[in-house]
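Work through these exercises with the model open. Try each task before reading its solution.

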Amino acid sequence: IVSFSEPKEERREKPERSHPSPGTGPPSLDKSNEPFSWEEYLKETSSTAASPSCFRQSRFPPSNDFKAGMKLEAHDPRNNTSICIATVMGMMGTRLRLRLDGSDNTNDFWRLVDSSDIQPIGTCERK
């Protein structure tokens with residue numbers, strides 16, 4: 001058995017940067033103990049908040065009554081004109097991790113529980 005060892009690289013230590021401790025800066029700049037304020041942030045950065053009308057989701061999150069293993073119809077994320085049977089693989093808040101039946105976990109995708117891309121089983125048949 002032959003063993004090769006790579007030459008050890010000489011490491012140069014980076015000089016440590018000194019960071020001021022919270023509370024040591026000028027009083028006007030140290031905001032570490034203050035609660036965050038969107039109004040102040042927008043003013044300081046000369047920014048404008050996006051209007052609530054820009055967001056499609058409800059201001060109040062819908063309830064998530066789905067359970068892992070449930071079946072539903074979903075638009076195929078790779079071909080939006082195709083609607084397929086999907087299985088709920090997991091949930092995170094109001095989001096569902098879905099898997100098209102017959103596919104593997106490399107093609108899982110996420111949808112909000114109130115997305116128009118998902119519908120109950122049989123919806124396509126009734127159209």
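**Exercise 1. A threonine and its surroundings**

Is Thr87 buried or exposed? Place it in its strand, then list its partners.

Solution.
- Step 1. The model is a predicted one. Find Thr87 in strand β2, which covers residues 79-92.
- Step 2. Read the relative accessible area of Thr87: 12%. Buried means under 20%. Thr87 is therefore buried, at 12%.
- Step 3. Look for polar contacts of the side chain. One runs to the side chain of Asp101, at 2.7 Å. Another joins Thr87 to the side chain of Lys71, at 2.9 Å.
- Step 4. Widen the search to everything Thr87 touches, skipping residues up to four places away in sequence. The list is Gly69, Met70, Lys71, Arg97, Leu98, Arg99 and Asp101.

**Exercise 2. Build the sheet**

In what order do the five strands lie in the sheet? Work out the pairing of each neighbouring couple.

Solution.
- Step 1. Count the elements. The protein has two helices and five strands. Along the sequence they follow the pattern α-β-β-β-β-β-α.
- Step 2. Lay out the sheet. The order is β4-β3-β2-β1-β5, the sheet is open, and the pairing is antiparallel.
- Step 3. Find the edges. β4 (109-112) and β5 (118-119) each have a single partner strand, so one side of each lacks a neighbour in the sheet.
- Step 4. Recall what holds such strands together. Strands of a sheet pair through backbone hydrogen bonds, either parallel or antiparallel.
- Step 5. Go through the pairs.

| Pair | Bridges | An example |
|---|---|---|
| β3 (residues 95-100) and β4 | four | Arg97 with Trp110 |
| β2 and β3 | six | Gly90 with Arg97 |
| β1 and β2 | six | Ala74 with Cys84 |
| β1 (residues 71-76) and β5 | two | Glu73 with Gln119 |

- Step 6. Follow Arg97 through the table. In β3 it is the bridge partner of Gly90. Its bridge partner in β4 is Trp110.

**Exercise 3. Two hairpins**

How many residues lie between the strands in the hairpin of β2 and β3, and which residue there takes a positive phi?

Solution.
- Step 1. Start with β1 and β2. A hairpin joins them through two residues.
- Step 2. Move to β2 and β3. Two residues lie between these strands. Gly93 takes a positive phi near 65° in this hairpin.

**Exercise 4. A positive phi outside glycine**

What is the phi of Ser46? Say where the residue sits and how much of it is accessible.

Solution.
- Step 1. Recall the background. Most residues other than glycine have a negative phi.
- Step 2. Read the value for Ser46: near 50°, which is positive, in a residue other than glycine.
- Step 3. Locate Ser46. It sits in the loop between α1 and β1.
- Step 4. Check its accessibility. Ser46 stands at 69%. Exposed means over 50%, so Ser46 counts as exposed.

**Exercise 5. Faces of an edge strand**

Which side chains of β4 are buried? Then examine Met89 in β2.

Solution.
- Step 1. Walk along β4. The side chains alternate between two faces. Phe109 and Arg111 point to one face and are buried. Trp110 and Leu112 point to the other face and are not buried.
- Step 2. Turn to Met89, in strand β2. Its relative accessible area is 30%, so Met89 is partly exposed.
- Step 3. Compare sequence and space. Met89 and Phe109 are 20 residues apart in sequence, with their C-alpha atoms 9.7 Å apart.
- Step 4. List the contacts of Met89, leaving aside neighbours within four places in sequence. They are Ala68, Arg97, Leu98, Arg99 and Asp108.

**Exercise 6. Surface and totals**

Which residues form a nonpolar patch on the surface? Finish with totals for the protein.

Solution.
- Step 1. Pick out the patch: Phe36, Trp38 and Tyr41. Together they have about 390 Å² of accessible area.
- Step 2. Zoom in on Trp38. It is found in helix α1, residues 38-44. At 55% relative accessibility, it counts as exposed.
- Step 3. Take the whole surface. It comes to about 11,200 Å², and 52% of that belongs to carbon and sulfur atoms.
- Step 4. Check burial. Of the 127 residues, 19% count as buried.
- Step 5. Check contact range. Among contacts with a separation of 6 or more, 34% join residues 24 or more positions apart.

Definitions and conventions. Residues numbered from 1 in each chain as written. Predicted model: local features only at pLDDT ≥ 70, side-chain atom pairs only at ≥ 80, totals over all residues. Heavy atoms only, no water. Buried < 20%, exposed > 50% of the residue type's maximum accessible area, 1.4 Å probe, protein only. Polar contact = N/O pair within 3.5 Å; in protein donor to acceptor, adjacent residues only side chain to side chain. Contact = heavy atoms within 4.5 Å. Pairing = 2+ DSSP bridges. Patch = residues over 30% accessible without salt bridge, like charges linked within 9 Å, V, L, I, M, F, W, Y side chains within 5 Å. Areas by Shrake-Rupley, 256 points an atom, 1.4 Å probe, with all protein chains shown as cover. Salt bridge = Lys/Arg side-chain N within 4 Å of Asp/Glu carboxyl O.
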